[in-house]
Each structure stands twice: as C-alpha cells, then as structure tokens.
Amino acid sequence: MTVAEELPDANNHAATAAEPETAEEEPIKQRKNGLYPGVSDELAENMRSGWADTELHDLQPIAQAAETAARRAALSARFPGERLVIPAGNLKTRSNDTEYPFRASVEYAYLTGNQTEDGVLVLEPTSDGHSETIYLLPRSDRENGEFWLDGQGELWVGRRHSLTEAEKLYGIPASDVRELTGRLREATGPVRVVRGYDAGVEAALTDKVTAERDEELRVFLSEMRLVKDDFEVGELQKAVDSTVRGFEDVVKVLDKAQATSERYIEGTFFLRARVEGNDVGYGTIAAAGPHACTLHWVRNDGPVRSGDLLLLDAGVETHTYYTADVTRTLPVNGRFTEIQKKIYDAVYDAQEAGIAAVKPGAKYRDFHDAAQRVLAERLVEWGLVEGPVERVLELGLQRRWTLHGTGHMLGMDVHDCAAARTETYVDGTLEPGMCLTVEPGLYFQADDLTVPEEYRGIGVRIEDDILVTEDGNRNLSAALPRRSAEVEEWMAALKG
C-alpha cells in the first residue's frame, strides 16, 4: 500500500470547512515524513493542465429514485415547517492514515440512495412542504492540487461524482457540502438532526436542536422502514439468493476448513458477498463444535472437526445495503449423529411453528411464543426441566437453553427498525411488506452439568428470512434445505 505524500489538515471536509473560499485558499499540508520536500511551481503548473474532460453526460436516475422521493415526501409531511438534517457520516480512522470502509448512515441512504462520506440531506421548510438539497463533496479540485496531493483526492481514492452528475442520479438539487455548516449556523426556526454521524453538522446546530425532538425524527425514520416497498423486497430477495450461493460455496470446501479453521469458512462466504454484493451484512458467525453455543461467535479461529456441527450464521449485503440473515446448522461430515438429529429436529419443529404464525393481523410476538412453546415441550419431554409446559413458559425456564428471542425485523440493518417504538414493533401487529427472521435455537453449553453429557457442546439454530404477504408469508430463503434428511442429501450432492 502506498502512502500519500501530502495530506490536508483534516479528513472531515464538512466539519472543518464552513466556507468554500477559505477551504480553497488553505494550502494542502505536507505529510510529516513524506519523501518529497515540497511541490515546485513548475510541477504544480504541469499538474493543472493536460487532463481530458471526464464529465458524465448520459447518467440515468438510480433504480430506487422513485422510492426515495416518496420516502422524502412522507418525511416532509410528518414534520411540516421544520428544517430536517440527515447526514451520511464521515470516514473513521482505523489506524494512523488508514480508514475503515465507509458505510453511509441507514437514514441517509434510505432517503437518498447515495452512499458517499460527508454527504448531508437537508429539507428546508417552504409554504407547501419542503425544498430538498443533497450536500456533497464535488469533484476534487485540480487548480489547487487537491486531486493528487490530498489523501482523499481523486488520484488516491478514485473519482467522485460532480454535483451535476449527482443531481441526475438522485433527483435532488446538489450543493457543495463545504458550504453547509456556515448555512446551518445561520439557520432560524425549528431544526431536527439525525445524531451520531457527523460531529461538524451537530456542532453547527448545537443551539438549535433538542435531544427529544431529534429522537422523534430518528424514531419516525426507523418506523418508516417497518413495511418494505417492492424495491426493498426485491433487494432482500437478491441478498438472500446470493447468501444461498454462499452457503453452497461453504459446503463444497468443508474439507479445506477441516485442514485449517473456521476462518476458511468465513473467508469463503466473504468472497461470495464481495463478488455479488457490497459486503457481508454483519460479522459472519462460523461456529464449529462447542463454539455454536456462543451466540455471536465471530472470532472464527477454532477447529472444524468431522463429527461436529457447524453453525453458520451469515448474510450478503447488496450494493443498496439490504442484507440477508440466514443460519443453518450442518454436520461437518455430512451426517447427523443420533443426538445431533434429535436436537436439530426439535429446533426445526419450533421454527415450523414460528413460521406458521407469521401472517398479517397476527401479533408480532406470536411467532416467538409459538416457537418457544415447542422448545419448552421438548425440554420437558427429555426430562431436562420439570413441567408442566405452562409453568416452564411462565417462569422462562427454557431460556437456559434457548437464550435469545426468536427473530427480528430485517432490512438495511440486520436488526432493522431498532429505534421504532415498542408499541409499533415488539407489541405491534404484522402487516404485508414486513420482513423478519424466524430463528429458534437450542444451546447446551459444554460446561452445563444440568444436562446429560451427550448434549453438552451441541448448539443448533435454524434461521430464515420471512416476508409477510397479503395471505400469509413467503420464505425468502426457502432454497436452502431445512429438514435434517434434506440437509444431508443437499450436502452429499454438493460434495459430489
């Protein structure tokens, strides 16, 4: 990896450059230990000229432009007369001059479709609604050398869209984000901002906003995403389809994982995610043997042994940020042992009951309750907990081995809509267009002396992505087998 010889004084353009004139006049500072002492006038002049015009003139609006416009209209209607500020966020340093890969805030991406750092959507109140502006960094400057001297310049990290190009793509008037903080400081009237993404924007609004009002904005944007539109459903299906192929990839290389570690499984799935999507939607859980009993095992550094189970919880994220979230528990050698199958089949039956409870008009909690009842029945039947089942459920005794809730909303966040009010989410009612996971599990810790030794170290979870439809539900991840016998047949076929 090469290093930029020159760097600007700060990485956060939006936060540090309130006025573009000032930003243009400030010299681009030299890296402390750069190998070149400076830039000669002759070189600076040479770099200003001789470049072709690369403006893109035939751009079409992004695929979801109509949907993002409708979302902004709904937002405008909810907060008439108020200025609304939704930032994308800024780059975050991983170490020294190395940044983490950037992912725009869900709120910003949901409303614009844009994914670039430092962007900010602003809705200004008007007599009949709001005017919209998307504030972005323009093309890096060739006059002052930014494009080749700045660590975030075009020759270092790639070309940005011009403001004119951005307007065509997103259907929103675009302005230079370096002007924004100055404008926000001068703003009058009520303002709301989505907090936590852009410190410079928040500082400019510090005397104009309240935590309570800003939280109302965040909650509304979260609840907007509870019901997915047709574009979103299509993206979720795309994410799931790629995820299915990723699971197939893993099964085909389980022999190599046995020769190495869980990391081989993680890396194999990641390749599919990066080739067909943007990334993984969350840290892949590739948990073999007793690691399957650790709910969020993302170290993925343990051995993969024949005779053990592999719990693979993974999802591809599309280029538009929609993620799948699927889990399968697979016998590493392709065949369940008797005790593994017994536990697996109990989880499968619980999931079947949970999926059957997903339908319009049902309470959100119904699928969880249905799955937990089946698991409690099996635990009583196996003599692991004293019945009756109603007592077990009332006291939550099954939770020693079931541990987590049976699912969550799914979308642009793997745990989508998390800021929604409890009454509209967990205590709410299912509607067509909602998408959620159904993922019961049983986990018998390796050191759990309350269960027979044969159970210890076995963890099973089965998870699918379920869309609520007008007449029931659709399992978006149905292409991956779930029944124990079908899992064995599927694995055998993939291994040839």
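Visitor: Which residues does His368 touch, not counting residues up to four places away in sequence?
Guide: This is a predicted model. His368 is found in helix 16, residues 366–381. Leaving out residues up to four places away in sequence, the residues that His368 touches are His404, Gly405 and Thr406.

Visitor: What is the relative accessible area of His368?
Guide: Buried means under 20% and exposed means over 50%. His368 falls in between, so it is partly exposed. Its relative accessible area is 26%.

Visitor: What distance separates the C-alpha atoms of His368 and His408?
Guide: Along the chain, His368 and His408 are 40 residues apart. In space, their C-alpha atoms are separated by 9.9 Å.

Visitor: How many helices and strands does the protein have?
Guide: The protein has 496 residues, and 51% of them are buried. The C-alpha trace spans about 80 × 55 × 40 Å along its principal axes. The secondary structure comes to 19 helices and 17 strands.

Visitor: What share of the contacts with a separation of 6 or more joins residues 24 or more positions apart?
Guide: Take the contacts in the protein with a separation of 6 or more. Then keep those between residues 24 or more positions apart. Their share is 70%.

Visitor: Which element has the lowest mean pLDDT?
Guide: The protein averages a pLDDT of 94, and 95% of the residues score at least 70. Over residues 3–24, however, pLDDT stays under 50. Strand 16, residues 464–469, has the highest mean among the elements, at 99. The lowest, at 40, belongs to helix 1, residues 13–16.

Visitor: In what order do the strands of the open five-stranded sheet run?
Guide: The pairing in this sheet is mixed. One of its pairs is strand 1 (residues 83–87) with strand 7, parallel over three bridges. The order of the five strands is 6-5-4-1-7.

Visitor: Which strands stand at the edges of that sheet?
Guide: Each edge strand has a single partner strand, so one side of each is left without a neighbour in the sheet. From one strand to the next, the twist averages 25 degrees. The edge strands are strand 6 (174–176) and strand 7 (191–193).

Visitor: Which residue stands opposite Leu84?
Guide: Strand 1 and strand 7 pair in the parallel sense. The residue opposite Leu84 lies in strand 7. That residue is Arg192.

Visitor: What angle does helix 11 make with strand 7?
Guide: Helix 4 (residues 65–78) packs on the sheet, touching strand 1, strand 4 and strand 5, and its direction makes about 50 degrees with that of strand 4. Helix 11 (residues 211–224) packs on the sheet too, touching strand 1 and strand 7. Between the directions of helix 11 and strand 7, the angle is about 55 degrees.

Visitor: Within what arc do the buried residues of helix 8 fall?
Guide: In helix 8 (residues 163–170), the buried residues are Glu165, Ala166, Leu169 and Tyr170. They line one face of the helix, because seen down its axis they fall within an arc of 110 degrees.

Visitor: Against which elements do the buried residues of helix 8 pack?
Guide: Just after helix 8, Gly171 takes a positive phi of about 70 degrees. The helix's buried residues have two helices and two strands as packing partners. These are helix 4, helix 5 (106–112), strand 5 and strand 6.

Visitor: How many of the six residues of strand 10 are buried?
Guide: Leu309, Leu311 and Asp313 point one way from strand 10. Leu310, Leu312 and Ala314 point the other way, and all are buried. The strand is largely enclosed by the rest of the structure, because the count of buried residues is six of the six.

Visitor: Which residue of strand 12 stands opposite Leu310?
Guide: Strand 10 pairs in the antiparallel sense with strand 9 (residues 285–288) over four bridges. There, Leu310 is the bridge partner of Ala288. Strand 10 also pairs in the antiparallel sense with strand 12 (residues 326–331), over six bridges. In strand 12, the residue opposite Leu310 is Leu330.

Visitor: Which residue of strand 15 stands opposite Gly441?
Guide: Strand 15 (residues 458–461) has both faces covered. It pairs with strand 14 (residues 441–444) in the antiparallel sense over four bridges. Opposite Gly441 stands Arg461.

Technical notes:
Residues are numbered from 1 along each chain as its sequence is written. This is a predicted model: local features need pLDDT of at least 70, side-chain atom pairs count only at pLDDT 80 or more; totals for chains, interfaces and linings use all residues. Side-chain values use heavy atoms; hydrogens and water are left out. pLDDT is the predictor's confidence in each residue, from 0 to 100. Contact means heavy atoms within 4.5 Å. Two strands pair if DSSP finds at least two bridges between them. Axes are lines fitted to C-alpha atoms, for helices over the stretch in contact, and angles run from 0 to 180 degrees between N-to-C directions. Buried means under 20% relative accessible area, exposed over 50%, partly exposed in between (1.4 Å probe, protein chains only). The arc is that of the directions from the helix axis to the C-beta atoms.
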